[in-house]
Amino acid sequence: MNVNRLFLMAVGALLACSAQAKVRLSHLVGDNMVLQQQTEARLWGWAKAGKEVKVTCSWNNDVYKAKAAKDGSWIVKVKTPKASMEPQKITFNDGDELTIGNVLIGEVWVCAGQSNMEMPVRGFGNCPVENFNQHVLDAAQSAGVRSIKIPSIMRVEPQQDAQAEWRVCSPQTVADFSATGYFFARLVSRTLGIPVGLIEANKGGSRVESWLTKENLQKYTNEPTDSMGIVNFKPQWDYQRALLWGNGTFNPILNATVKGILFYQGCSNVGDPAGQYTSRLKLLVEQWRQQFGLGDIPFYFVQIAPYVSGNAQGDWNARLQEQQYNASKVIPNSGIICTNDLVYPYEGDQIHPAQKQPVGERLAYLALNQQYGYTALPCQSLSYKEMMIRNDTVFVHFDNEYGAISRFEGIEGFEVAGDDRVFHKAEARHYWRPGGQKWDEAIIVVSPEVKHPVALRYCFRNWQLGNLKNAAGLPLFPFRTDNW
């Protein structure tokens, strides 16, 4: 063996040892990432068991230390400053330095759910996002928005990492960002003048059960949790399988330090028994908050849009909407937005409506009002409060009017029923008379077919579009006063 070959082998061995010794970071910890501001943000990765990992940040002189466990995992918490557009660096050293750059300090939100959250700014095939070209051009103004897309994969066991990388928003990259997430982040970033990072961990078609842990599935559901049982339980559509998507797609992000969670899901749970989705969504939020270990972080979610769902006159889509609304009342520090007005008349069979910008922006209204001090910003949709029946007329009051309703006449979406429980289309208009008594101002609802009304509904069908909104242009939630 000649000297040159021996030398090359020795160099190769040294490089191999060096590569093996070098600290490895989670893919969520990397160039272009956003770290949650003014907190102890977690950074994590792997090194040789027993090795000490030192972490230094460009914004302070502190040295943070962690010791790799038997499996090589380590985690540190670093103090972060106020949000800023100034790029930062973080260095990791276990005897061999590794530095990541272009790190911004800002707000970090999770984008979870199914395909309407996954739907990118470019849209899906035959499912465009409205004003795509304008959003591409405008993205040049959104360099403070970053995102990382976690691959949607199924795993029987919880995964600790995912093959992903942070992306800086630009006209070249924005097409692949979650549309709902991007429009949320864009508005928050521009309003506050700070960076916003999105962690996209979602899967099209997934059910709420897709994200529950094995322990919660076994304790609170009848869903199988062994691999063969899961496959046989949902043999046709793998995207509806329980447990596997949470293990593969959500578990890798649980060490991240985040501000809150945005959630758009529900279509795959249409048809669930009364109350089941409400209780399981509440369970999922409790699970995620416990797993993140950050307290009752805000949870803002989207009520599914109207959809023909096989029969425009059916009500199973509306019953799921009702369960979502009820969930918003039992989940602490949560908020829900209505999308009844965000479908076009020709989108009855379109499960992915094109109007994603107002969806993201309505979520942003909730966050800006409830988390960022914009308390004067209207953020709640109009919602049913109470009714009073006088002869053949139903008088209705609402919450969250913000001082006005959008129209006095030509109101669409109301139906009334008598004792026969048959609902008929009703006329609705604004009513007022002097006196200042409780029912001297209201929306009144009348149907010529119903002389003695006992129940009122609004847009409580699979495909029924209303047009009543509050002063902020936020629509009335679908509702019913009966329990039939």
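Angles under 35 degrees count as roughly parallel, over 145 as roughly antiparallel, 65 to 115 as roughly perpendicular, and the rest as oblique. The exercises below use a predicted model.

**Exercise 1. Work out how helices α8 and α9 are oriented to each other.**

Solution.
- Locate the helices. Helix α8 covers residues 276-292, and helix α9 covers residues 316-330.
- Take the geometry. Their axes come within 8 Å and cross at roughly 40°.
- Apply the classes. An angle of roughly 40° falls in none of the three named ranges, so it belongs to the rest.
- Conclude. α8 and α9 are therefore oblique to each other.
- Add the hand. The α8 and α9 crossing is right-handed.

**Exercise 2. List the residues that make the contact of α8 and α9, then sort them by class.**

Solution.
- From α8, take Q276, Y277, T278, L281 and K282.
- From α9, take L320, Q323, Q324, N326, A327 and V330.
- Sort them. The contact has five nonpolar, five polar and one charged residues.

**Exercise 3. Count the disulfides, then check C111 and C459.**

Solution.
- Set the cut-off. A disulfide needs two cysteine sulfur atoms within 2.5 Å.
- Count. The total comes to zero disulfides.
- Check C111. Its nearest cysteine sulfur belongs to C169 and is 13 Å away, and C111 is in no disulfide.
- Check C459. The closest cysteine sulfur, in C338, lies 8.3 Å from that of C459, so the two are too far apart for a bond.

**Exercise 4. Decide whether C111 and C459 are buried or exposed.**

Solution.
- Set the cut-off. Buried means under 20% relative accessible area.
- C111 has 0% relative accessibility, so C111 counts as buried.
- C459 has a relative accessible area of 1%, so C459 is buried.

Methods: Residues numbered from 1 in each chain as written. Predicted model: local features only at pLDDT ≥ 70, side-chain atom pairs only at ≥ 80, totals over all residues. Heavy atoms only, no water. Axes fitted to C-alpha atoms, helices over the stretch in contact; angles between N-to-C directions. Helix = DSSP H or I, 4+ residues; strand = E, 2+ residues; numbered from the N terminus. Left-handed = near helix turned anticlockwise from the far one by under 90°. Contact = heavy atoms within 4.5 Å. Nonpolar A, V, L, I, M, F, W, Y, C, P; charged D, E, K, R; others polar. Buried < 20%, exposed > 50% of the residue type's maximum accessible area, 1.4 Å probe, protein only.
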